[in-house]
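The following exercises ask you to read a structural model step by step, with a worked solution after each task. Keep the sequence and the coordinates at hand while you work.

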Amino acid sequence: MWRADVITIFPEMFPGPLGASLAGKARANGIWDLAATDLRDFATDRHRSVDDTPAGGGPGMVLRADVLARAIDAIAPEHDPRPRLLTSPRGKPLTQARVRELAAGPGVVIVCGRFEGVDERVIAGRNLEEVSIGDYVLSGGELAALVLIDACVRLLPGVMGKEASGAEESFSDGLLEYPHYTRPQLFEGRDIPPVLVSGDHGRVAAWRRAEAERITRERRPDLWAKFREADLTRMADAQAPAIPPKKATDG
Ligand SMILES: C[S@@+](CC[C@H](N)C(=O)[O-])C[C@H]1O[C@@H](n2cnc3c(N)ncnc32)[C@H](O)[C@@H]1O
């Protein structure tokens, strides 16, 4: 079973939205599980303190390395094979490729940052992988953890219906997805593109591909450049001779 453990000062935020819909059903069916642990359980003073003032001064508070390390060691001891992630705006941006890797593994352990962040020594000492969900600042890592877990859970075998498989989604082949339409045929003077009701599967596939390329080119030049680069590499690989040509000799 794929398992997510979350370390947080707000365990009541979990499972939150992950208790509903596809993820909630899949959890009830034993496909995955989630446990949220209260970081304050690992404090040692009577106030259950988990943070302190930043060394060097400045505003805000910092999550203490010793308290966090005790929590991590209890939840994910050294032999636990799951990656240990730390939600952080300065982390590596989360991508569908990384989500796919995480979903294919045994699960995740996620530390939710709060306040100004986390003492750097526990990041190094417990080998935490910093992950960002976008270039903006949340007030805490809990929403980021929910986003990451949701993205993984929907890819677990048995969670999505066959018809909603992830194979043709945005990012699956480096492109954003083509537009969708459904009944009614005419909506406020706008028709469904005729090709989609032509019954010609080849033309439908070609139209969708062209639209996916157009939308990616227009909206995400960064993804488009990567896609083009990969495409050129694929073309060069396909054209390369399988056997290197014999070297000409002087006789
Ligand atoms: C108020 S933020 C701290 C921001 C930090 N002082 C900075 O400037 O980078 C508190 C916590 O929210 C979480 N967080 C905020 N934005 C995030 C993002 N874009 N992705 C992932 N986690 C985020 C992190 O766990 C962070 O430690």
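A residue is called buried if 20 or more other C-beta atoms lie within 10 Å of its own, exposed if 12 or fewer do, and partly exposed in between. The model to which this is applied here is a predicted one.

**Exercise 1.** Classify leucine 138 and aspartate 135 by their exposure, and state where in the chain each of them is placed.

*Solution.* Begin with leucine 138, whose place is in the loop between β8 and α5. Leucine 138 has 16 C-beta neighbours inside 10 Å, and it therefore counts as partly exposed. Next, aspartate 135 also lies in the loop between β8 (129-132) and α5 (142-153). Because aspartate 135 has 7 C-beta neighbours inside 10 Å, it counts as exposed. Finally, when neighbours within four places in sequence are left aside, leucine 138 is in contact with Leu143 and Ala144.

**Exercise 2.** Describe the shell around the ligand: which residues come nearest, which element gives the largest share, and how do the residues divide by type?

*Solution.* The shell holds 19 residues, of which Thr87, Gly113, Leu138, Gly141 and Ala144 come nearest to the ligand. Strand β5 (residues 84-93) contributes the largest share of this shell, namely four residues. Sorted by type, the shell consists of seven nonpolar, nine polar and three charged residues. As a last step, turn to the database record: an unreviewed UniProt entry lists Gly113, Ile133, Gly134, Asp135, Tyr136, Val137 and Leu138 under "binding site".

**Exercise 3.** Determine how the chain is built up and why it is described as more spread out than a compact globule.

*Solution.* Start from the secondary structure, which comprises seven helices and ten strands. The radius of gyration of the chain is 24 Å, whereas the globule rule gives 18 Å for 251 residues; the value is well over the rule, so the chain is more spread out than a compact globule. The C-alpha trace, taken along its principal axes, spans about 75 × 75 × 40 Å. Then consider the division of the chain into domain 1 (2-153) and domain 2 (186-239), whose centres, taken over C-alpha atoms, are separated by 37 Å. Two overall figures complete the description: buried residues make up 25% of the 251 residues, and of the contacts between residues at least 6 apart in sequence, 76% join residues at least 24 apart.

**Exercise 4.** For glycine 19, arginine 70 and alanine 210, give the exposure of each residue and the C-alpha separation from a stated partner.

*Solution.* Take glycine 19 to begin with, which is placed in the loop between β1 (2-8) and α1 (21-28). Glycine 19 counts as partly exposed because it has 13 C-beta neighbours inside 10 Å, and its C-alpha atom is 9.9 Å from that of leucine 34, a residue 15 positions away along the chain.

Arginine 70 belongs to helix α2 (residues 65-75). With 17 other C-beta atoms within 10 Å, arginine 70 is partly exposed, and 9.1 Å separate its C-alpha atom from that of leucine 39, which is 31 residues apart along the chain.

Alanine 210, lastly, has its place in helix α6 (residues 201-219). Since alanine 210 has 11 C-beta neighbours inside 10 Å, it counts as exposed, while the C-alpha atoms of alanine 210 and serine 139, 71 residues apart along the chain, are separated by 40 Å.

Conventions: Residues numbered from 1 in each chain as written. Predicted model: local features only at pLDDT ≥ 70, side-chain atom pairs only at ≥ 80, totals over all residues. Near = placed C-beta within 6 Å. Helix = DSSP H or I, 4+ residues; strand = E, 2+ residues; numbered from the N terminus. Nonpolar A, V, L, I, M, F, W, Y, C, P; charged D, E, K, R; others polar. Domains from an automatic or database assignment. Rg over C-alpha atoms; globule rule 2.2 N^0.38 Å. Contact = placed C-beta atoms within 7 Å. UniProt positions renumbered as here; feature names shortened; annotations may be inferred.
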